Amino acid sequence: MPRGVVALTTDLDDSAYAGDAETIVYQLQFRAAPKRIYKVTLRVGRADGTEVGDATARGAKNSVVSRCRWASGATVTTSNPHLGDYRVPVFANDSSTSMGVHSSWYLLDPPAGTTTVGISIYAGRAAATYGQVRIIADGNAILVIEDVGPYSE
């Protein structure tokens, strides 16, 4: 049986701009139980980038890559295992046109105890040429971890 939400935060801040280097922007801890599946969901309303190159051309300039990582313990870094990537286009410094990030990842059977998930971002294309990227939290931005049921091999 699913046990529901085990951790959530609704007080997300806008991320700083990120370039080619992957940067952890949000972290959330929870207490993992043995033999469980956890769903991690991030919903942030907007993404944008810096103006680089031809600022008059319309269309996507870059993409913000969001990646979910996890670790046993209280800290997660960009060297910890990841659960996958999610890319959204950004249209230079135009958060009105750009999309937001609404993605989910599944963590299967982590070790019991304190577990931390981290959301990182980086530019999908060379930041020096196509600009840095960021995600912009709005009033409904959320990071949530949900126990969705038992894990069986």
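Two strands count as paired here if DSSP finds at least two bridges between them, and the strands themselves are DSSP runs (E, at least two residues) numbered from the N terminus. With that in hand, let's start at strand 2 and strand 8 (residues 113-123), which run antiparallel and are joined by 9 bridges. One of the bridge partners is easy to find: Tyr26 is matched with Ile119 in strand 8.

Before going further, a word on what you are looking at: this is a predicted model, in which local features need pLDDT of at least 70 and side-chain atom pairs count only at pLDDT 80 or more, while totals for chains, interfaces and linings use all residues. Residues are numbered from 1 along each chain as its sequence is written, and side-chain values use heavy atoms, with hydrogens and water left out.

Now widen the view to the sheet. Strands of a sheet pair through backbone hydrogen bonds, either parallel or antiparallel. Here 4 strands form an open sheet with antiparallel pairing, in the order 2-8-5-6. Strand 2 (23-32) and strand 6 (82-90) are the edge strands, each pairing on one side only. From one strand to the next, the twist averages 20°, with axes taken as lines fitted to C-alpha atoms and angles running from 0 to 180 degrees between N-to-C directions.

Next, follow the loop between strand 1 (4-9) and strand 2, where you will meet Leu12. Leu12 counts as buried because its relative accessibility is 12%; buried means under 20% relative accessible area, exposed over 50% and partly exposed in between, using a 1.4 Å probe and protein chains only. Leaving aside neighbours within four places in sequence, Leu12 is in contact (heavy atoms within 4.5 Å) with Tyr26, Leu42, Val44, Ala137, Ala141, Ile142 and Leu143. Its C-alpha atom is 8.9 Å from that of Gly139, 127 residues apart along the chain. Ser15 is found in the loop between strand 1 and strand 2 as well, and is buried with a relative accessible area of 8%. Among the contacts of Ser15 beyond four places in sequence are Tyr26, Ile121 and Arg134.

That brings us to charges. Side chains of opposite charge can pair when their charged atoms come close. The structure holds 7 salt bridges, each defined as a side-chain nitrogen of Lys or Arg within 4 Å of a carboxyl oxygen of Asp or Glu. In one of them, Asp147 meets Arg36 at 2.7 Å, N to O. Asp147 lies in strand 10 (residues 142-150) and Arg36 in strand 3 (residues 36-44), so this pair ties together parts that are 111 residues apart in sequence. Both residues of the pair, Asp147 and Arg36, are buried.

Arg134, already met as a contact of Ser15, forms a salt bridge with Asp48, the closest N and O atoms being 2.7 Å apart. This pair links strand 4 (residues 46-49), which holds Asp48, with strand 9 (residues 133-136), which holds Arg134, 86 residues apart.

Back in the sheet, Asp85 and Arg67 meet in a salt bridge of 2.5 Å, N to O. Asp85 belongs to strand 6 and Arg67 to strand 5 (residues 62-72). Asp85 is partly exposed at 35% relative accessible area, whereas Arg67 counts as buried at 12%. Through shared partners, salt bridges join Glu22, Arg67, Arg69 and Asp85 into one network.
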